[in-house]
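Thanks for making the time, everyone. I would like to walk through one model this morning, beginning with its surface and working inwards.

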Amino acid sequence: MLNLLSALIGLVALILMIPAVIPFLGALNWLFVPLALLGAFIGLMSSKKGGQNFCLIVAAFGALRLFLGGGIF
């Protein structure tokens, strides 16, 4: 059950990150990367690791976008 919850949190974070790909909206990732990391933490408590890995990939994507935009753009 926690694996499913983790995957759902990761999916919500991924959907919310879509507008953050647009230039000058990249700072939104400061809100959504911690959301994905929260999902990864919830997935850590599960015996299955699919949701946790998905959340970590989503968080890595958001962190890469922050890095490329200098944390602002």
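The accessible surface of the protein chain comes to about 4500 Å², and 85% of that area belongs to carbon and sulfur atoms. I should say at once that this is a predicted model, so please take every value I quote as computed from predicted coordinates. As for what lies beneath that surface, buried residues account for 37% of the 73 residues in the chain.

Turning to the fold, the secondary structure consists of 3 helices and 0 strands, and the order of elements from the N terminus is α-α-α. The radius of gyration is 12 Å, close to the 11 Å that the globule rule gives for 73 residues, so the chain is as compact as a globular protein of that length. The C-alpha trace, for its part, spans about 40 × 15 × 15 Å along its principal axes.

Which residues, then, make up the largest nonpolar core? There are 8 in all, namely Ala13, Met17, Phe32, Val33, Ala36, Val58, Ala59 and Leu66, and the elements that give two or more residues to this core are helix H1 (2-17), helix H2 (29-44) and helix H3 (50-68).

Within that core I would single out Met17, which, once its neighbours within four places in sequence are set aside, is in contact with Asn29, Phe32, Val33, Val58, Phe61 and Gly62. For the chain as a whole, if we take the contacts between residues at least 6 apart in sequence, 67% of them join residues at least 24 apart.

Note on methods. Residues are numbered from 1 along each chain as its sequence is written. This is a predicted model: local features need pLDDT of at least 70, side-chain atom pairs count only at pLDDT 80 or more; totals for chains, interfaces and linings use all residues. Side-chain values use heavy atoms; hydrogens and water are left out. A nonpolar core is a set of buried Ala, Val, Leu, Ile, Met, Phe, Trp, Tyr and Cys residues joined through side-chain atoms within 4.5 Å. Buried means under 20% relative accessible area, exposed over 50%, partly exposed in between (1.4 Å probe, protein chains only). Helices (H or I, at least four residues) and strands (E, at least two) are DSSP runs, numbered from the N terminus. Contact means heavy atoms within 4.5 Å. The radius of gyration is taken over C-alpha atoms; the globule rule is 2.2 Å times the number of residues to the power 0.38. Accessible areas come from the Shrake-Rupley method with a 1.4 Å probe; for residues, only the protein chains shown count as cover.
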